[in-house]
Amino acid sequence: MEHKNYLFTSESVTEGHPDKMCDQISDAIVDAIFRQEAELQARGYVSPDGTPANVDNVRCAIETFTTTGTIIVMGEVRTEAYVNIQKVVRDTVSRIGYTRAKYGFDAETCGVMNLIHEQSPDIAQGVDGTFARANDEDEIDKIGAGDQGMMFGYASDETDMLMPMPIYLAQRMAERLAKVRKNGSLAYLRPDGKTQVTVRYRDDRPVEVTAVVVSTQHSADVKLAQIREDMIAHVIEPVLDEVGIEWKHADIYVNPTGRFVVGGPMGDTGLTGRKIIVDTYGGMGRHGGGAFSGKDCTKVDRSAAYAARWVAKNIVAAGLAHKCEIQLAYAIGVSHPLSVMVDTFGTGSVDDALLASAVEKVFDLRPGAIIRDLDLRRPIYEKTAAYGHFGRKDPDFTWEATNRTDELKAAVAELSK
């Protein structure tokens, strides 16, 4: 029998990467708005124009841009809350680690420009139920999708977290790179950094890591040989050994240019939404093109992508497929998805069309139902904005729960009769 062998590579970036800084700032603002709106709602606040505070009414579409010494936040929001944007931005940058000018960026002295304005009422009417469904008795049906588009979710049984191996390893290395910087183990490290992992597959199963790239910002006085030794001992080896994949013959590249002192926004501009493959599955599986960060949960770019991951993960966890991809599609202002597609790449225990029918039977994929079932109107988003939105052990990542496996198997059994 001919064996299918191939290499697959995925990358990740640290929280100090300029694009990831912007993602985290945008989501920190979303969190602050949700948090403050909930506090006002709990107190029974009503605005001077008679509008009560209500987290259900919050809308956010926030973009962040950064370059040398400057951060600009822009976009549209709807909220009764007041949020100190300057403080949120500076606190986020400080948490990331840019606290001194010698690092190339300083949270206290950087310029912060706020260009956020009110959401367009033309967009709002489609989500709020004033378009087409205003007289519907079903409250969930009154919540239309915040935009048109298609979203994908993916899962594979090649890791415990049901993620593709290359992106899972790259994310964990990037996460560890930040950890050893922050805990003082490697005090010469600076916030910016990237990781990349190449995995060899045999018969669609990962068997070894063949290459690792780690690029990390550092102080000017440390030698490359020391950085290489430390990266292998403190970042690469712990992650790969914990997973238990073979890597002893891998090519290791550490700071391939030889020097990475100038980094962060001083070395490159950053923008929200420019790391969508890092955020998802590392290129394994398709992507609908929509970014997540800065958006509230009525934006299906975010909520439906989370739901698609939830569905795909439950299918794989139920043993109905070794790997699975879900596509959902929506129209702005319309509550029901236009299409639901299941692709198990020939690994499913039943036909993909039957699985799609089971998915529609078990999961309510209207935006309002997704928000309800995954409890998405909470300040949980800043921590999603670095090291991946999927494949992480955190109770707030409700889309990672495998809580519909029994229902899926029962639905498949019933539909197979």
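**Entry 1: a sheet of three strands**

I began with Phe 152 and looked up its bridge partner in strand 12, which is Gln 327. This is a predicted model, and I read every contact here with that in mind. I then followed the two strands along. Strand 7 and strand 12, the latter covering residues 323-330, are joined by eight bridges and run antiparallel.

Next I asked what order the strands take in this open sheet. The order is 7-12-13, with antiparallel pairing. Strand 7 (149-156) and strand 13 (339-343) are the edge strands, each pairing on one side only. I also checked the turn between neighbouring strands of the sheet. Direction ignored, the average is 15°.

Then I looked for what lies across the sheet. Helix 8 does, over strand 7, strand 12 and strand 13. Against strand 7, helix 8 runs at about 30°.

**Entry 2: the core**

I looked up the largest nonpolar core. It holds 107 residues. Which of them touch the most other members? I noted Leu 169, Val 209, Met 231, Ile 315 and Leu 365. Helix 8 (residues 300-317) came up again: it gives this core its largest share, eleven residues.

I picked Met 231 and listed its contacts, leaving out residues up to four places away in sequence. Met 231 touches Leu 177, Leu 186, Tyr 188 and Leu 189. Val 214, Thr 216, Ile 236 and Val 254 complete the list for Met 231.

**Entry 3: a polar residue in helix 8**

I stayed with helix 8 and turned to Asn 314, which is placed there. Is Asn 314 buried or exposed? Asn 314 is buried, since its relative accessible area is 0%.

I wanted to know what its side chain reaches. I found the backbone nitrogen of Arg 404 at 2.7 Å. The backbone nitrogen of Thr 405 is reached at 3.4 Å. Both residues also appear among the contacts of Asn 314, next to Phe 363, Ala 401, Thr 402, Asn 403 and Leu 408. That list again leaves out residues up to four places away in sequence.

**Entry 4: salt bridges**

I searched the whole structure and noted 31 salt bridges. I wrote down three pairs and one network.

The first pair is Glu 11 and Lys 194, with the closest N and O atoms 3.7 Å apart. It links distant parts of the chain: Glu 11 sits in strand 1 (residues 5-13), Lys 194 in strand 8 (residues 189-202), and 183 residues separate them. Glu 11 counts as partly exposed because its relative accessibility is 28%. Lys 194, at 32%, is partly exposed too.

The second pair takes me back to helix 8. Arg 309 forms a salt bridge with Glu 400, and the closest N and O atoms are 2.9 Å apart. Arg 309 is in helix 8, while Glu 400 is in the loop between helix 10 (367-374) and helix 11 (405-415). These distant parts of the chain are 91 residues apart. Where do the two partners stand on accessibility? Arg 309 has 0% relative accessibility, so it counts as buried. Glu 400 is buried as well, at 8%.

The third pair is Arg 366 with Asp 364, the closest N and O atoms being 2.6 Å apart. Arg 366 is buried at 9% relative accessibility. Asp 364 is partly exposed at 22%.

I also noted a network in which salt bridges share partners. Its members are Asp 375, Arg 378, Lys 383, Asp 394 and Asp 396.

**Entry 5: helix 9 and its start**

I moved on to helix 9 (residues 352-362) and asked which of its residues are buried. I listed Leu 354, Leu 355, Ala 356, Ala 358, Val 359 and Val 362. Their cover includes helix 8, strand 13 and helix 11.

Last, I looked at Asp 351, in the loop between strand 13 and helix 9. Asp 351 is exposed, because its relative accessible area of 52% passes the cut-off of over 50%. At the start of helix 9, one of its side-chain oxygens comes to within 2.9 Å of the backbone nitrogen of Ala 353. I also took a distance from Asp 351 to Ser 416, 65 residues apart along the chain. Their C-alpha atoms are separated by 9.6 Å.

Key
Residues numbered from 1 in each chain as written. Predicted model: local features only at pLDDT ≥ 70, side-chain atom pairs only at ≥ 80, totals over all residues. Heavy atoms only, no water. Core = buried A, V, L, I, M, F, W, Y, C linked by side-chain atoms within 4.5 Å. Buried < 20%, exposed > 50% of the residue type's maximum accessible area, 1.4 Å probe, protein only. Helix = DSSP H or I, 4+ residues; strand = E, 2+ residues; numbered from the N terminus. Contact = heavy atoms within 4.5 Å. Pairing = 2+ DSSP bridges. Axes fitted to C-alpha atoms, helices over the stretch in contact; angles between N-to-C directions. Salt bridge = Lys/Arg side-chain N within 4 Å of Asp/Glu carboxyl O. Polar contact = N/O pair within 3.5 Å; in protein donor to acceptor, adjacent residues only side chain to side chain.
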